[in-house]
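This report covers the internal cavities, the overall dimensions and the model confidence of one protein.

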Amino acid sequence: MSTQTMPTDAVRWYGCPACRELTYGKRFDRSLRVCPGCGAHTRLTARERIAQLLDEGSVTALDDVAVAEDPLGFTDSRPYPERMAQARAETGEREAVTCVTGTLEGHPVVAAVMDFRFMGGSLGVGVGERLARAARVSLRTRAPFLLVTASGGARMQEGAFSLMQMVKTSQALAELDEAGVPTVSVITDPTYGGVAASFATLPDVIFAEPGARIGFAGPRVIQQTIQQELPDGFQTAEFMLERGFVDAVVPRAALRPALGCVLAAALGAKPAAPAAGPAGAGVRLVRDPAELPARDAWEVVGLARHQRRPTTVDYIRQLLEDFQELRGDRVSGDCPAIVGGTGRLDGRPVVVIGHQKGRDTADRIAHNFGMASPAGYRKAGRLMRLAAKLRLPVVTLVDTPGAHPGVEAEERGQAWAIAENIRLMTGLPVPIVSAVVGEGGSGGALALAAADRVLALAGAVYSVISPEGCAAILWKDRELAPLAASALRLDARDLLRQGIVDAVVPEPDGGAHEDPVAAGELLRGALTATLDELADIAPADLVRRRRARFGAFGAEERGAHD
């Protein structure tokens, strides 16, 4: 969307091309050039974007690079060098990307910011070399790499040389991945072609501005090629969010704090030193089944399913600072039954992932009652791989009746998605702590619970199948679910006795739903103490012990997994 301004001697007005509303220029600038009438985000120059995102006084430009500026000797209606000279004169920039170092909310970054005014932000050898050089600076300094994209695609005047920049920039991102350096992109309108199919969509975290158009082929090319009408909102940021390809659509005014949250998790302060004494001193973690009262299994099932029981989102809101939800599996969609993202637990950066059942009926329907689809498990796996890259511990909160049992889930590979998560978790080189906070139903629960330490709240259950399902299959009568619940030995006391869980977290009298805040604080203490226990274990030892833990189940003499 182009910016339209109408300057006068003293007053400048902006006319929005989307809603036609006139806005006083100073108000328009204060709103970061977002139309106050309809919310349309106009394009910013690279310099404006840098000033908006990076801390004042922190910015240093990277040195320019020398490249072959006309590798083909290309001429259309004008020689390519003339077009370049005109773009430089009109924009004041040397190329379609400006690369700088600086800080964002105090966190060091290397930033590469594109400017659509410069030949449509097209990707040529100059852009590719500048981006690759900026990535090398990020690699050397280990400062996160921030990309802000705006492009119509590859630069035609440079032919296949332009095409090769897709590889150059993609491998630069791969080197940052291999080194564990965080990468973040902000996709702005428009981002198409070779830029979208390389560095714009490869970072760990992808934000997009509202209404930004994102895709490989533009809509006119698609319509002309396949002769089909395109759906409403096709290729917009919102369209891509629903399909799992971006983490969040973030209004311009919220970009700085959203980016700050991600950087705080990736680079944030270490947790405070634990109090003197053994790990977990002062934290109530029950490790002896004899300390837990015997309870009717069916009553515990009702407690685990209680509609007012705190959900994963409730715990996240209470326990985490700087939480930034990350969405999408980067393949097929975003599943609302699993939520996850980065944040800080008592100062410790973590990745948190959990099943989300919802609260009232409408909320539970929206979250599919916590029954995840393959996209949900693939999202969880993606976040676990991000944790491994950034060397962040993983906390999972388990609360599901089971994975979604539907035709669409089977068509999209439910079994494959669950199996892949289990395999991934057994080899993840960072600490993993899982807490069963409600229902732990079958493989749908296990896909988030192959952890170094598995905790259970006192009112939680964990089983191979629901009592109703077990009764229907083995007793041919769902009404015998209470009998099945007892036979399955699925409550916290029995789970601790079996060694399925390592410790039980007490709940307030009457259950977690009677005092959610107190329940959250009990969970906070348990998670923090358990992460402290794992903090100094080498990655290879974590993996070895984790595999030994699960390898021992069912053996006649179950050896220690510590």
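A cavity is a set of points, on a 1 Å grid over the protein atoms alone, where a 1.4 Å probe fits but cannot get out; lining residues have an atom within 4 Å of a point. Grid points are joined across faces, edges and corners, and a volume is the space filled by probe spheres set on the points.

This is a predicted model, in which local features need pLDDT of at least 70, side-chain atom pairs count only at pLDDT 80 or more, and totals for chains, interfaces and linings use all residues. Residues are numbered from 1 along each chain as its sequence is written, and side-chain values use heavy atoms, with hydrogens and water left out.

The whole structure holds seven cavities of 30 Å³ or more, and the largest encloses about 100 Å³. Its lining comprises 14 residues, with E439, G440, V461, S466 and P467 nearest the centre. Two or more lining residues come from each of β16 (432-441) and β18 (461-463); strands are DSSP runs (E, at least two residues) numbered from the N terminus.

The C-alpha atoms fill a box of roughly 85 × 50 × 45 Å along the principal axes.

The average pLDDT, the predictor's confidence in each residue from 0 to 100, is 92, and 94% of the residues score at least 70. Two stretches fall below 50; their contacts (heavy atoms within 4.5 Å) beyond near neighbours in sequence are tabulated.

| Stretch | pLDDT | Contacts |
|---|---|---|
| Residues 1-10 | below 50 | 24 contacts |
| Residues 272-281 | below 50 | five contacts |

Where pLDDT is low, predicted coordinates should not be read in detail.

Technical notes: 1 Å grid on protein atoms, 1.4 Å probe; cavity = no way out; pocket = protein on both sides within 12 Å on 5 of 7 lines; lining within 4 Å. Helix = DSSP H or I, 4+ residues; strand = E, 2+ residues; numbered from the N terminus.
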